Amino acid sequence: MKKLIFILLTIATAACNNDIEITFRVKSTLPVKSDTIFVTGNSEKLGNWDPGKVSLSKNGDFWERTISFEKEDSIFFKFTRGRWETEAVKDNGEILQNYFLRFSRDTVFETKINHWKDEFEYEIKGQITGEVRYHRELKYDFLKKRDVILWLPPGYEDDKAAKYPVLYMHDGQNIIDPKTASMNTDWQIDEVADSLVRNNIIEPVIIVGIYNTSERMHEYIPSDTSAVYMKFIVDYLKPIIDKKYRTRPGREYTFTGGSSAGGMIAFQLAWEYPEVFGGAACFSPAFKIDYIDYVTPVKEYKGKKPDIKIYIDNGGKGLETQLRPGIDEMINALQNKGFEEGKDLEIYFDKSAEHTESEWAKRIHKPLKFFFGKK
């Protein structure tokens, strides 16, 4: 797809409050008159990836909106017509990677969009392997309602006396079912775990996928909302799972995992609730980037070293390169606290990997073996 790359406009005098203004300008033969174009991205001012929250306004041949940013010096974003089913795509229907913009002055980002996802027919590949259960519209305190999908290991219904460890995964709609996953690509954790169990490589494990909401970023990065989200898991969800299913509820049998901001909340859960969780799998974790910083609290921690296992995983392309400095800083902080690679810390770096579900799917077997591998 032809697109105009970044056009930088320098403003002679910066605003007295040092705000930076970014103007998003889109030219498109679509949408029809009844539609609106939206911008969405990894900032609260961009809707925190809510595809229908931040609209552009029609201005002649363009759709435009100017947004002031205070602290950010880079953003990732996409354009939609209000839903992910109508996001902008390439001329051949392929999903576009996130746009990336780094800025230090007022900037105009201009692009042309020829096609949208709903113009094409997509074949959703893959299926759910094994038995799953759903818990719908769970509500806790001030959080939005959410669904939870639970995967049962092979043999669960055969041996009524057997009990199982549990892995709690964030962005749960992306891990098992391609029909609910972002861009219809899931982590295939069901296929991977099923194979590892049947080949006697890992212990049978129950996997709980916690769906995100439009408040994902507030729930996943350090904040008052994330504190409530963690309480939801520890005080509400886990007791439900332990009561309804044959789990091994001890901390040494309870783990959590996620990617990007989901990798951040997974780490935070294990770090702040080591009496509940035995460890965390952190794929492409947002430990320290832009306004997010959980490295400093770890560095400043003066208590006893948490008895947890940490798996940290990162790629080497696109957003992965932006996350890398914070990941390296976190690894160094953990090692200074006594964590040892090969013992309670496992690190994996794939320089060819991008920031996508399909890439994380390729590597999900690693933390499964790290946490649940048979000796």
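In this predicted model, the largest pocket holds about 1300 Å³ of space. Its lining draws on 45 residues, and those lying nearest the centre are Trp49, Trp84, Asn174, Ser182 and Glu357. Four elements each give two or more residues to that lining: strand S5, helix H2 (216-220), helix H6 and helix H7 (357-363). Two of these, S5 and H6, are worth a look in turn.

Take S5 to begin with. This strand covers residues 74-80, and seven of its seven residues are buried, so the rest of the structure largely encloses it. Both faces of the strand are covered: Ser74, Phe76, Lys78 and Thr80 point one way, Ile75, Phe77 and Phe79 point the other way, and all are buried. Lysine at position 78 thus sits on the face with Ser74, Phe76 and Thr80.

S5 has strand partners too. Strand S2 (residues 38-41) runs antiparallel to S5, and four bridges join the pair. Within that pairing, Thr40 has Lys78 of S5 as its bridge partner. S2 itself shows the pattern already described for S5, with Phe38 and Thr40 pointing one way, Val39 and Gly41 pointing the other, and all of them buried. Strand S7 (residues 99-102) is also antiparallel to S5, again with four bridges between the two. Here Ile75 stands opposite Leu101 of S7.

Now for H6, the helix spanning residues 319-336. With 18 residues at 1.5 Å each, H6 should span 26 Å, and its end C-alpha atoms turn out to be 27 Å apart, which agrees. The helix does have a kink, though, of about 35 degrees and centred on Pro325. Just past the end of H6, Gly338 adopts a positive phi of about 110 degrees.

Much of the interest in H6 lies in what it packs against. Its buried residues are Leu319, Glu320, Leu323, Gly326, Ile327, Met330, Ile331, Ala333 and Leu334. Glu320 is therefore counted as buried on the under 20% cut-off for relative accessible area. The buried residues of H6 pack against two helices, H4 (261-272) and H5 (295-300), and against the strands S5, S16 (288-289), S18 (309-315) and S19 (345-350). That ties H6 back to S5, one of the strands it packs against.

Two further residues fill in the picture elsewhere in the chain. Leu152 belongs to strand S11 (residues 146-152). At 4% relative accessibility, Leu152 counts as buried. Setting aside residues up to four places away in sequence, Leu152 touches Glu131, Arg133, Glu157, Ile206 and Tyr245. Gly303 is another matter: it lies 151 residues from Leu152 along the chain, and the two C-alpha atoms are separated by 37 Å.

Lys238 sits in helix H3 (residues 224-244). Despite being a lysine, Lys238 is buried, with a relative accessible area of 9%. Its contacts, not counting neighbours within four places in sequence, are Tyr168, Ile233, Pro249, Thr254 and Val276.

Definitions and conventions. Residues are numbered from 1 along each chain as its sequence is written. This is a predicted model: local features need pLDDT of at least 70, side-chain atom pairs count only at pLDDT 80 or more; totals for chains, interfaces and linings use all residues. Side-chain values use heavy atoms; hydrogens and water are left out. Buried means under 20% relative accessible area, exposed over 50%, partly exposed in between (1.4 Å probe, protein chains only). Two strands pair if DSSP finds at least two bridges between them. The expected span of a helix is 1.5 Å times one less than its number of residues. The bend at a residue is the angle between axes fitted to the seven residues ending there and the seven starting there. Contact means heavy atoms within 4.5 Å. On a 1 Å grid over the protein atoms alone, a cavity is a set of points where a 1.4 Å probe fits but cannot get out, and a pocket is an open set with protein on both sides within 12 Å along at least five of seven lines; lining residues have an atom within 4 Å of a point. Grid points are joined across faces, edges and corners, and a volume is the space filled by probe spheres set on the points.
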